[in-house]
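Here's a quick briefing to read alongside the model. Have the viewer open and follow along, topic by topic.

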Amino acid sequence: MTDSLEPQQDPSPTSSTGLDESLGGTLCYLLGFLSAVVFLVIERENRTIRFHAYQSLATFGGLFVLSVASSVVPFFGWLVGMLLTPLAVILWLVLMVKTLQGDP
């Protein structure tokens with residue numbers, strides 16, 4: 001009976017923006033590093049959403065740098081760019097789905 005007197009923990013923590021934690025984390029990936037910067041500016045409380053914003057910033061910022069660097073190299077860069085695009089889309093989808101499911 002003492003279990004019912006313990007405080008109940010909210011199953012889906014929210015953020016300072018009022019969004020569900022998993023939805024806020026997923027939105028960090030929606031527009032790549034642009035949405036990551038937006039969430040880093042507006043989210044001040046929820047550490048999970050801020051983690052996904054930093055991860056999105058690092059991931060898509062790094063992919064952007066790789067794509068710019070590969071465009072400078074004549075043939076090899078073109079080949080890397082061709083491989084990088086589908087891999088970036090797959091990575092983007094996996095990150096969004098995993099975050100929406102609540103996986104870290």
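**Helices 3 and 4 at a glance**

Start at the N-terminal end of helix 3, which is capped by Asn46: one of its side-chain oxygens sits 2.9 Å from the backbone nitrogen of Thr48. Keep in mind that this is a predicted model. From there we'll go along helix 3, stop at one serine, and then move on to helix 4 and a nonpolar patch on the surface.

**Helix 3: length and burial**

- Helix 3 has 26 residues, which at 1.5 Å a residue should span 38 Å, and the C-alpha atoms at its ends are 38 Å apart, so the two figures agree.
- On the buried side of the ledger, helix 3 has Ile49, Arg50, His52, Ala53, Ser56, Phe60, Leu63 and Ser70.
- The cover over those buried residues includes helix 1, helix 2 (33–42) and helix 4.

**Zooming in on Ser56**

- Ser56 is part of helix 3, and its relative accessibility is 0%; buried means under 20%, so Ser56 counts as buried.
- What does the side chain of Ser56 reach? The partner is the backbone oxygen of Gly32, at 3.2 Å.
- If you skip its neighbours within four places in sequence, Ser56 is in contact with Cys28, Tyr29, Gly32, Phe33, Ala36 and Gly61.

**Helix 4: length and burial**

- Helix 4 covers residues 75–101, and its 27 residues at 1.5 Å each should span 39 Å; the end C-alpha atoms are 40 Å apart, which agrees.
- Its buried residues are Gly77, Leu84, Ala88, Leu95, Met96 and Thr99.
- Which helices do the buried residues of helix 4 pack against? They pack against helix 1 (21–30) and helix 3 (47–72).
- Just past the end of helix 4 comes Gly102, with a positive phi of about 95°.

**The nonpolar patch**

- There's a nonpolar surface patch of about 1200 Å², made by Val72, Val73, Phe75, Phe76, Trp78, Leu79, Met82, Leu83, Leu87, Ile90 and Val94.
- Helix 4 is the top contributor to this patch, giving 9 residues.
- Leu79, one of the patch residues, lies in helix 4.
- Is Leu79 buried, exposed or partly exposed? Its relative accessibility is 37%, so Leu79 counts as partly exposed, the class between under 20% and over 50%.

**To recap**

- Helix 4 has buried residues that pack against helices 1 and 3, and helix 4 also gives the most to the nonpolar patch.

Terms used
Residues numbered from 1 in each chain as written. Predicted model: local features only at pLDDT ≥ 70, side-chain atom pairs only at ≥ 80, totals over all residues. Heavy atoms only, no water. Helix = DSSP H or I, 4+ residues; strand = E, 2+ residues; numbered from the N terminus. Expected span 1.5 Å × (residues − 1). Buried < 20%, exposed > 50% of the residue type's maximum accessible area, 1.4 Å probe, protein only. Contact = heavy atoms within 4.5 Å. Patch = residues over 30% accessible without salt bridge, like charges linked within 9 Å, V, L, I, M, F, W, Y side chains within 5 Å. Areas by Shrake-Rupley, 256 points an atom, 1.4 Å probe, with all protein chains shown as cover. Salt bridge = Lys/Arg side-chain N within 4 Å of Asp/Glu carboxyl O. Polar contact = N/O pair within 3.5 Å; in protein donor to acceptor, adjacent residues only side chain to side chain.
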